[in-house]
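Morning, everyone. Please have the sequence and the model open while I talk, and stop me if you lose your place.

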Amino acid sequence: MTRELRQLTVPEGVAGERIDSALTRVLGLSRTSIVKLLEDGDITTDNRAMQKSDRVAAGQLIEVLMPAPVNQDPIPLTPLKGLTVVYNDDDIVVIDKPVGCAAHPSPGWMGPTVVGALMAAGYTISTSGPAERAGVVHRLDAGTSGLMIIAKTENSYLKLKEMFRAHDVEKTYHALVQGHMDPSTGTIDAPIDRHPKEDHRFAVVATGKESITHYEVIEYYRSVSLVKVELETGRTHQIRVHFSALGHPLVGDTTYGADPVLGKKMKMSRPWLHALELRFNHPINGNPLVLTAPYPADLLASLALLSDAVLP
């Protein structure tokens, strides 16, 4: 089985880190896999095998003999009628992901995926990182609609991953939460990790990863608030967990404590959450991009039950 020899230049974002930690972040492999490659002499610089204790420098050239893929099966193609391409060039594609579509294949998921849908539509996607996550630099839950960036080349994948780590991509969401948020603007700074007793959920825990959410109320309704949310970090389920922890779960999000009766009245069978806007500089040419995605039909229909106002 042929193994890929990959050359990479150490980005500034991991300069000074130990080689095993740096490559875990840059390549998307597990630390165990990186350590095994180091022990086998498969990671070199200046024609010498690197050691676990070595630290990397910005601009350093490293060669990695990548491990053989565990899964040789091709990514399942999942044509998706509701997938809208918002922006596309030789390096990246930005899509407006519909509800019911996962970011990438995963155990137990039998539905469509962003990667599978794009490949079915003829798009070439970067193979960086784990094969089943080709091109995916950030994720949206299957039950969340809105904007996602996917890398089409190796170079754009590495640049985008570094941009997300450096918080150079501004992500704006709209969410409808239960109750009236008070104060109307604020920052939620609470660490998140897996729930200690329920593995499918996440929770605010003292030993969790740094998670920072900024919010501003757009409009108050009878018993709910429409809020604009900007993420400083991007943890799994971050918005859902943070607002639930404040006692204001997203409408329809029964996993995190939403009132099922209210969700039914508002005809919401998923969390009321939409990735509305992305602002970032193009990872290759540096041009500024501001991309937006309108509310999908189900969110518009639920708002119409609250007010006759037409919102963007």
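How many bridges join β1 to strand β4, and in which sense do the two run? There are 5 bridges, and the strands run antiparallel. Before I go on, note that this is a predicted model. For orientation, β4 covers residues 61-65. One bridge to find on your screen links Leu 8 with its partner in β4, Ile 62.

In general, strands of a sheet pair through backbone hydrogen bonds, and the pairing can be parallel or antiparallel.

Now the sheet these strands belong to. It is an open sheet of 4 strands, in the order β1-β4-β2-β3, with antiparallel pairing. β1, residues 5-9, and β3, residues 48-49, are the edge strands, since each of them pairs on one side only. At the β3 end, the neighbour is β2, residues 43-45, and 2 bridges hold that antiparallel pair. There, Thr 45 has Arg 48 in β3 as its bridge partner.

Stay with β1 for a moment and look at its side chains, which alternate. Which of them are buried? Arg 6 and Leu 8 are, and they point to one face. Leu 5, Gln 7 and Thr 9 point to the other face and are not buried.

Next, Leu 83. This residue sits in the loop between β4 and β5, where β5 is 84-88. Is Leu 83 buried or exposed? Its relative accessible area is 17%, and the cut-off for buried is under 20%, so Leu 83 counts as buried. Leaving out residues up to four places away in sequence, Leu 83 touches Ile 95, Asp 96, Pro 98, Ala 117 and Leu 118. For a sense of scale, take Leu 83 and Ala 206: they are 123 residues apart in sequence, and their C-alpha atoms are 38 Å apart in space.

On to helix α5. 6 of its 8 residues are buried, so the helix is largely enclosed by the rest of the structure. The buried ones are Gln 238, Ile 239, Arg 240, Val 241, His 242 and Phe 243. After α5 comes Gly 247, with a positive phi near 85°.

Keep Phe 243 in mind for the aromatic rings. The model has 2 aromatic pairs. In one of them, the ring centres of Tyr 215 and Phe 243 are 5.9 Å apart and the planes meet at 70°; over 60 counts as edge-to-face, so that is what this pair is. Tyr 215 is in strand β12, residues 212-220, and Phe 243 is in α5, so the pair links parts of the chain 28 residues apart. Tyr 215 is buried at 8% relative accessibility, and Phe 243 is buried at 0%.

Trp 272 and Tyr 295 also form an edge-to-face pair, at 5.3 Å centre to centre and 85° between the planes. Here both partners are in loops: Trp 272 between α6 and β14, Tyr 295 between β15 and α7, 23 residues apart. Both Trp 272 and Tyr 295 are buried.

Last residue: where is Asp 253 found? It is in the loop between α5 and α6, the latter being 260-265. Asp 253 counts as buried, because its relative accessibility is 1%. Residues up to four places away aside, Asp 253 touches Arg 240, Ala 258 and Pro 271. Arg 240 is one of the buried residues of α5 that I listed earlier.

That is my part. Questions, please.

Note on methods
Residues are numbered from 1 along each chain as its sequence is written. This is a predicted model: local features need pLDDT of at least 70, side-chain atom pairs count only at pLDDT 80 or more; totals for chains, interfaces and linings use all residues. Side-chain values use heavy atoms; hydrogens and water are left out. Buried means under 20% relative accessible area, exposed over 50%, partly exposed in between (1.4 Å probe, protein chains only). Contact means heavy atoms within 4.5 Å. Two strands pair if DSSP finds at least two bridges between them. Rings of Phe, Tyr and Trp (its six-membered ring) pair if their centres lie within 6.5 Å; planes under 30 degrees apart count as stacked, over 60 as edge-to-face and the rest as tilted.
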